[in-house]
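Q: Please take a close look at one helix of this chain, describing its surroundings, its geometry and its packing against a partner.
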Amino acid sequence: MMMEFTTWDIVRNLMFGALWTLGLSVTAFVLGGIVGLLVLAGRMGHTPWLRKSMRGYIEFFQGTPLLMQLFLVFFGISLAGIDVPAWLAAAIGLTFFTSAYLAEIWRGCVEAIPKGQWEASASLAMSWLQQMRYVVLPQALRIAVAPTVGFSVQVVKGTAVTSIIGFTELTKTGGSLANATFQPFLVYGLVAAGYFILCYPLSLYAASLERKFHGSAH
Amino acid sequence: MAAHIDASFVRIDGLHKHFGSNHVLKGIDLRIKEGEVVAIIGRSGSGKSTLLRSINGLETFEDGLVEVAGEKLHAGQTDLRALRQKVGMVFQQFNLFPHLTAGQNVMLAPQVVKKTPLADCEAIARQMLKKVGLDHKFDAFPDQLSGGQQQRVAIARALAMQPKVLLCDEITSALDPELVNEVLAVVKQLAAEGMTLIMVTHEMRFARDVGDKLVFMYEGRVHEMGPPKELFANPQTPELQSFISAVH
């Protein structure tokens, strides 16, 4: 049986796929941010084995393709006898990936805070956690906002890879539609436009944040 | 001044410090009485800043002992918070927290370290800012203040923790000449109120007029020590002689 697709049918289906892309991006970004903070704390803390292992964690996720990471999560968990749905493997994999990059971006921001801030707060008898919480992170956060939002674009684009392990987001939806309609150029053109619509506002926002925080202390 | 069994309020015994192969402190012994104003002078590289920063543990040392108001600091000690509650510090570069107002800068440590109720912290902050003549700048951010004002806020911030000793590390060196005096006036007032002060300084006149004790550091050792007026008038070593004639 042959089914006719109008352009609106294609767009409608793609929009539904885009919702999953958006949902996965937000999930990975929020969870990745939380895990990233923990990784950052370990990476910058005073416990040598924790520092080393967090450094290893970051280097692993920065030094291997996202697709391999997703395969490892997807097939690794199944190996343990647990059946993971594609969406869960995608969310876990992307969360790890995001956390490693965010931890590294934020580490750079923390290290940009002058040594004098650490010394002044230390000489006021603050603990390391208090120094972080009240003095260093509030200032680091200010410089971190723009690169963090900038990185969110990478996360959105990274979700495309999850189509390979079978998660039906924008790219995967596009693949099915291309097969069904025999109009791959139109479909993938619309898929690309979909990603652009998601990412471009983020890029613009990051750029405006950069301008806003550049050279202003508060 | 309260009577002490041991007259030393700050005691430094046999302090040794290396930066790699560079032996920067070669056995420092120093006794400071409560309420004394001590000026540490010497060429750059003589170890004077390192000595000062050892007193609150900003620099580690390999051998020796520091004791401030009964709180001991041993070589390699890592938990320094008890000591640091007794030792305040003011820095050359002010190091105010730029994301907080002057008032918040002063309030922060009493609030988070001493867990003082917020209303009391604010009262302390206003009182301390008033002491340095800046109570009207409570809500100003550091970048809205002149260098001299920032340094006075930094002094207020240190005082808010009610330290027993205040360390001043070249606190006027980063200031424009016309702003030096407003900061020195605050320090002079603290000295008059009986605060124990240990300062590394290039202000020789101030050291002579306000100091009770002058410490001349040379190549990692206390080379000469005594009442400032005597030392300036009658230096015993050629090194101090040449240092004094170089800065005058």
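A: In this predicted model, the buried residues of H8(A) are covered by elements that include helix H1 (7–44) and helix H7 (170–181) of chain A. The residues of H8(A) that are buried are Val187(A), Leu190(A), Val191(A) and Gly194(A). A helix has 3.6 residues a turn, so residues three or four places apart point the same way.

As for its geometry, helix H8 of chain A comprises the 30 residues 184–213, which at 1.5 Å a residue should span 44 Å, and because its end C-alpha atoms lie 43 Å apart, the expected and modelled spans agree. H8(A) nevertheless carries a kink of about 30 degrees at Cys199(A), a position shortly before the proline Pro201(A).

Turning to its packing, H8(A) lies against helix H6 (residues 128–158) of chain A at an angle of about 170 degrees, the two axes being 8 Å apart. With angles over 145 degrees counted as roughly antiparallel, H6(A) is therefore roughly antiparallel to H8(A). On the H6(A) side the contact is made by residues including Arg142(A), Ile143(A), Val149(A), Val153(A) and Lys157(A), while H8(A) contributes, among them, Tyr195(A), Leu198(A), Cys199(A), Leu202(A), Tyr205(A) and Phe213(A). Cys199(A) thus appears both at the kink and in the contact with H6(A). By class, the residues of this contact divide into 14 nonpolar, 3 polar and 3 charged.

The setting for this helix is a chain A with 8 helices and 0 strands, in which buried residues make up 35% of the 218 residues.

Notes
Residues numbered from 1 in each chain as written. Chains lettered and ligands numbered in written order. Predicted model: local features only at pLDDT ≥ 70, side-chain atom pairs only at ≥ 80, totals over all residues. Helix = DSSP H or I, 4+ residues; strand = E, 2+ residues; numbered from the N terminus. Expected span 1.5 Å × (residues − 1). Bend = angle between axes of the 7 residues up to and from the residue. Buried ≥ 20, exposed ≤ 12 C-beta atoms within 10 Å, placed from the backbone. Contact = placed C-beta atoms within 7 Å. Axes fitted to C-alpha atoms, helices over the stretch in contact; angles between N-to-C directions. Parallel < 35°, antiparallel > 145°, perpendicular 65-115°, else oblique. Nonpolar A, V, L, I, M, F, W, Y, C, P; charged D, E, K, R; others polar.
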